[in-house]
Amino acid sequence: MNPVYATVDHTFTVPLDHAAPGGETIRIFAREISDRSRTHEKLPWLVYLQGGPGGKSPRPSATSPGWLAHALTTHRVLLLDQRGTGRSTPLTARAAARFRDPAQLAAYLGHFRADSIVADAELIRHTLCGGEPWETLGQSYGGFLTLTYLSQAPEGLRACYVAGGLPGLTATADDVYARTYPRVRDRVHEFYARYPDDARCLRQLADLLTAQDIRLPDGDRLTVRRLRTLGLLLGMGDGFERLHWLLDEALDGAGEPTDTFLYQVMILTGFTDNPLYAVLQETLYGQGAGPTGWAASRALAAFPEFTEAADPLLLTGEMIYRWMFEDIRGLRPFAQAADLLARRTDWPPLYDPDRLAANKVPLAAIVYHDDMYVDAGLSLDTARKIGAARVWVTNEWEHDGLTASGDRVLTRLMDLAAGRA
């Protein structure tokens with residue numbers, strides 16, 4: 001722990017279903033962080049909304065991102081473990097396996113979207129702040145949460161900062177993935193242009209996996225389709241190098257996968273720590289416009305260059321497929337429930353376009369021009385439809401610019417929201 005930080009752990013009991021407050025409850029954990037020299041001062045609150053879905057808040061340390069140190073010069077920060085993550089009542093593979101009825105699990109999972117997370121935040125705000133409004137910082141999916149917050153409870157917000165996370169307000173899952181595949185394709189070609197030997201390595205690995213039954217340390221078979229999901233790395237600032245050095249040790253002298261490579265692939269593609277990322281990914285775009293229906297798989301048919309036999313082999317990115325719930329140990333307990341979620345048609349809307357158009361809460365957002373995960377075109381279209389929104393478009397960083405920039409991104413977002421830039 002950085003010695004300049006003071007921390008207080010908070011645990012809150014909230015309804016599983018906020019529309020039925022007398023029913024089942026779950027636990028929500030949040031960690032309060034403040035500058036040790038200012039713990040007794042009355043400072044405004046800044047709530048950090050983590051990306052994901054399914055990601056817990058960061059744990060502060062001596063190497064915490066620069067945005068946190070900057071925020072603590074003026075604010076008291078709350079790191080919220082969104083429901084189902086971290087120290088909040090966990091929704092892991094083990095927890096899912098306790099549900100005997102897939103329909104019951106699917107119904108339970110339906111309470112883990114943005115609308116429920118915002119309702120949790122409002123309950124916590126009234127408890128911690130006595131009802132005073134606070135500010136939010138939304139990274140990636142945290143920006144999706146921010147727009148739901150502005151739609152549901154803008155009275156709870158003083159200002160909002162969003163990094164790489166303005167969703168299309170009416171975009172369906174099909175709309176999103178039709179835009180995602182071309183961006184991923186272009187990013188993979190950029191990677192191969194930088195590291196041409198890695199294109200040959202991945203093709204060699206794919207041929208090997210097609211011909212042999214290669215197992216990961218947990219017993220799962222490593223297939224070509226699972227290998228291709230390593231493309232998820234390529235949207236981050238250090239993603240090209242992370243994938244390159246992983247492939248640098250992928251094969252031994254006999255041309256067989258190394259234990260080091262197989263172990264790392266298991267960790268990177270296993271969803272052990274964040275199964276909700278896979279389970280809830282397409283539900284982000286479910287808003288009563290019909291079932292999402294495994295949209296990433298459906299969209300893939302329009303891009304024949306993504307065939308597993310292609311040379312060079314194209315990797316995939318932030319796409320979730322039905323086969324993952326069969327092939328990946330950490331997702332199997334969710335398989336039948338995930339099918340039910342994919343068929344669900346009555347998702348409540350997450351955004352209120354009229355309320356967002358009339359918004360008066362200062363909203364400052366950075367849009368990464370080359371973002372592989374969140375389409376810049378959809379983000380800019382959304383920004384034009386929100387009152388009091390100011391947007392900064394840049395290609396200086398990838399999707400992780402909030403962390404990779406030190407304190408630069410948050411500093412400018414705060415300036416934008418305050419009218420100083």
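# A tour of the predicted model, starting at Ser379

Select Ser379: this residue is buried, and its relative accessible area is 3%. The model on screen is a predicted one. Ser379 sits in helix α16, which covers residues 376-383. Display Leu166, Val367 and Val374 as well; these are the contacts of Ser379 once its neighbours within four places in sequence are set aside.

Stay on the helix and move to Thr382, another residue of α16. Is Thr382 buried or exposed? Its relative accessibility is 1%, so Thr382 counts as buried, the limit being under 20%. Beyond the neighbours within four places in sequence, Thr382 is in contact with Leu147, Pro167, Gly168 and Leu169.

**The whole chain**

Now zoom out until the full protein chain is in view. The chain holds 18 helices and eight strands. Its radius of gyration is 21 Å, close to the 22 Å that the globule rule gives for 421 residues, so the chain is as compact as a globular protein of that length. Rotate the C-alpha trace to see its extent along the principal axes, about 65 × 45 × 40 Å.

Colour the residues by burial if the viewer allows it. Of the 421 residues, 56% count as buried. Switch to a surface display next: the accessible surface of the chain is about 17200 Å², and carbon and sulfur atoms make up 51% of that.

How much of the contact pattern comes from residues 24 or more positions apart? Among contacts in the chain with a separation of 6 or more, such residues account for 78%. For the charges, select the 43 positive and 52 negative ones; the mean positions of these two sets are 5 Å apart.

**The annotated span**

Select residues 44-252. An unreviewed UniProt entry places the feature "domain: AB hydrolase-1" here. Helix makes up 48% of this span and strand 11%, and its end C-alpha atoms lie 55 Å apart.

Within the selection, find Leu246 in helix α9, residues 239-248. Leu246 has a relative accessible area of 10% and is buried. Show the side chains of Leu230, Phe261, Gln264 and Leu268, which Leu246 contacts when neighbours within four places in sequence are left aside. Then draw a distance from Leu246 to Leu413: the two are 167 residues apart in sequence, and their C-alpha atoms are 35 Å apart in space.

**Two cis peptide bonds**

Go to Gly52 and Pro53. The bond joining Gly52 and Pro53 is a cis peptide bond, with omega about 5 degrees. Pro53 lies in the loop that runs between β3 (45-49) and α1 (66-71).

Next, select Asp311 and Pro312. Which form does the peptide bond from Asp311 to Pro312 take? That bond is cis, with omega near 5 degrees. Pro312 belongs to the loop between α12 (295-300) and α13 (324-327).

**Two positive phi angles**

Select Trp294, in the loop between α11 (275-280) and α12. Trp294 is not a glycine, yet its phi is positive, near 60 degrees. How does the relative accessible area of Trp294 place this residue? At 15%, Trp294 is buried, because the limit is under 20%.

Follow with Ala388, found in the loop between α16 and β8 (389-394). Ala388 also is a residue other than glycine with a positive phi, about 60 degrees. The relative accessible area of Ala388 is 39%, so Ala388 counts as partly exposed, a class that lies between the 20% and 50% limits.

**Last stop: Gly401**

Finish at Gly401, in helix α17, residues 401-404. Gly401 has a relative accessibility of 0% and counts as buried. What does Gly401 touch, not counting residues up to four places away in sequence? Select Tyr368 and Val409 to see these contacts. To close, draw the distance from Gly401 to Phe112: 289 residues separate them along the chain, and 27 Å separates their C-alpha atoms.

Key. Residues are numbered from 1 along each chain as its sequence is written. This is a predicted model: local features need pLDDT of at least 70, side-chain atom pairs count only at pLDDT 80 or more; totals for chains, interfaces and linings use all residues. Side-chain values use heavy atoms; hydrogens and water are left out. Helices (H or I, at least four residues) and strands (E, at least two) are DSSP runs, numbered from the N terminus. The radius of gyration is taken over C-alpha atoms; the globule rule is 2.2 Å times the number of residues to the power 0.38. Buried means under 20% relative accessible area, exposed over 50%, partly exposed in between (1.4 Å probe, protein chains only). Contact means heavy atoms within 4.5 Å. Accessible areas come from the Shrake-Rupley method with a 1.4 Å probe; for residues, only the protein chains shown count as cover. Lys and Arg count as positive and Asp and Glu as negative; His and the chain ends are not counted. The place of a charge is taken as NZ of Lys, CZ of Arg, CG of Asp or CD of Glu. UniProt positions are given in the numbering used here, feature names are shortened, and annotations may be inferred rather than shown by experiment.
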